[in-house]
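Subject: Handing over the structure

Hello,

I am passing a structure on to you, with the sequence alongside. Please open it first and then read my notes below.

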Amino acid sequence: MAYVFLIIGLALILAGANYLTDGAAAVARRFKISDLVIGLTIVAFGTSAPELVISLMSALKGSSEIALGNVVGSNIFNILMIVGVTALVMPVSIGKSTMSKEIPLVILSSLVLWFCASDILIDGASKNVVSRIDGLMLLAFFLIFMRYTFSIARNASNIQTEGPKVKDMKPWIASLAIVGGLGALVAGGRLFVDGASEIALSLGVSESVVGLTIVAAGTSLPELATSVVAALKKNPDIAIGNVVGSSLFNVFFITGTSAVVSPMKVGNISIVDFATLAGASVLLWFFGMAFGTRKITRPEGAVMVVCFIAYTIYLVVNA
């Protein structure tokens with residue numbers, strides 16, 4: 001039954017995120033907000049909504065290892081698997097600004113999260129906890145990132161002037177989509193967390209491992225679908241923006257909000273997991289810088305996928 005809850009919950013989450021995003025974008029369009037800003041904010045939020053719901057629900061239900069494991073695992077999946085698979089489909093081009101500003105921000109976010117979760121190592125504490133103070137600091141970083149995002153949106157010379165296509169909806173339909181989407185997210189989140197927790201108990205593994213693997217991969221499906229479709233449509237560069245935005249949103253907003261709601265015990269999420277996240281971020285930057293082409297090639301994409309598979313095998317073997 002736990003697997004049924006997991007599948008139904010994930011289906012509700014993905015559907016809810018889709019309807020919520022479409023409805024919110026339609027409302028934003030009605031108030032004459034540009035497609036570009038919609039893409040940088042509402043659509044970016046929509047693809048990360050599954051991670052947000054799972055992490056908040058997990059934190060509220062006392063399963064903080066699932067919440068934190070979800071963020072760490074999702075970002076590792078985003079960087080290694082999504083970029084890697086997309087590069088295998090078609091080499092991924094990286095913009096100059098993304099290479100010099102956004103990807104370094106992803107590296108910074110990985111290190112900041114690692115520091116926040118290292119109370120024993122840094123302070124000699126009895127246990128590692130992402131506290132409310134840590135959460136507030138992460139949210140402060142998120143505000144800085146949003147300020148930077150809106151400054152980019154106003155500078156038309158640095159980016160494309162058009163964003164993603166927004167569906168036209170009547171106001172009442174848009175409102176219904178928002179309410180229904182939120183309802184599906186909440187219901188799906190409850191089912192998914194309950195199912196994941198039950199699976200962890202039945203398999204005799206920790207919630208952190210489930211969060212780093214099953215939950216992380218499941219909640220990253222919107223980003224994976226977006227990036228692969230973009231590659232098939234010969235727009236592989238979209239994958240980088242998708243991964244970068246989602247990764248920053250996951251660490252700064254989702255972890256920050258979840259920690260403020262309820263301090264998050266790090267539990268069995270180890271230095272290896274945080275080091276893998278930081279290493280994946282550096283690898284993305286290194287491959288983008290290699291040979292001065294600002295492009296993730298197919299061989300580099302293959303290396304990233306192999307690194308993710310090796311990390312997953314490590315988690316299973318050490319579960």
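Here is what I found, beginning with how the values were obtained.

This is a predicted model, in which local features need pLDDT of at least 70 and side-chain atom pairs count only at pLDDT 80 or more, while totals for chains, interfaces and linings use all residues. Residues are numbered from 1 along each chain as its sequence is written, and side-chain values use heavy atoms, with hydrogens and water left out.

Let me start with the interior. The largest nonpolar core (buried Ala, Val, Leu, Ile, Met, Phe, Trp, Tyr and Cys residues joined through side-chain atoms within 4.5 Å, where buried means under 20% relative accessible area with a 1.4 Å probe, protein chains only) has 52 residues. Leu-68, Leu-113, Phe-274 and Leu-284 are among those with the most contacts inside it. At least two residues each come from α3 (64-89), α4, α6 (132-154), α10 (237-261), α11 and α12; these helices are DSSP runs of H or I, at least four residues, numbered from the N terminus. The most, 11 residues, come from α3. A second, separate core has 17 residues, including Ile-13 and Val-53.

Next, two helix pairs. The axes (lines fitted to C-alpha atoms over the stretch in contact, with angles from 0 to 180 degrees between N-to-C directions) of α4 (residues 96-116) and α11 (residues 271-289) come within 9 Å and cross at roughly 170°. That makes α4 roughly antiparallel to α11, a term for angles over 145 degrees. Their contact (heavy atoms within 4.5 Å) includes Ile-103 and Trp-114 of α4 and Phe-274 and Trp-285 of α11. By class, it has 17 nonpolar, three polar and no charged residues; nonpolar covers Ala, Val, Leu, Ile, Met, Phe, Trp, Tyr, Cys and Pro, charged covers Asp, Glu, Lys and Arg, and the others, Gly among them, are polar.

For α3 and α11, the axes come within 10 Å and cross at roughly 30°. These two helices are therefore roughly parallel, which applies to angles under 35 degrees. Among the residues that meet here are Leu-68 and Val-72 of α3 and Phe-274 of α11.

Which residues does Phe-274 touch? Leaving out residues up to four places away in sequence, they include Leu-68, Val-72, Leu-113 and Trp-114.

Finally, Val-303 sits in helix α12 (residues 298-317). Val-303 is partly exposed (between 20% and 50%), with a relative accessible area of 37%.

Enjoy exploring!

Terms used. Parallel < 35°, antiparallel > 145°, perpendicular 65-115°, else oblique.
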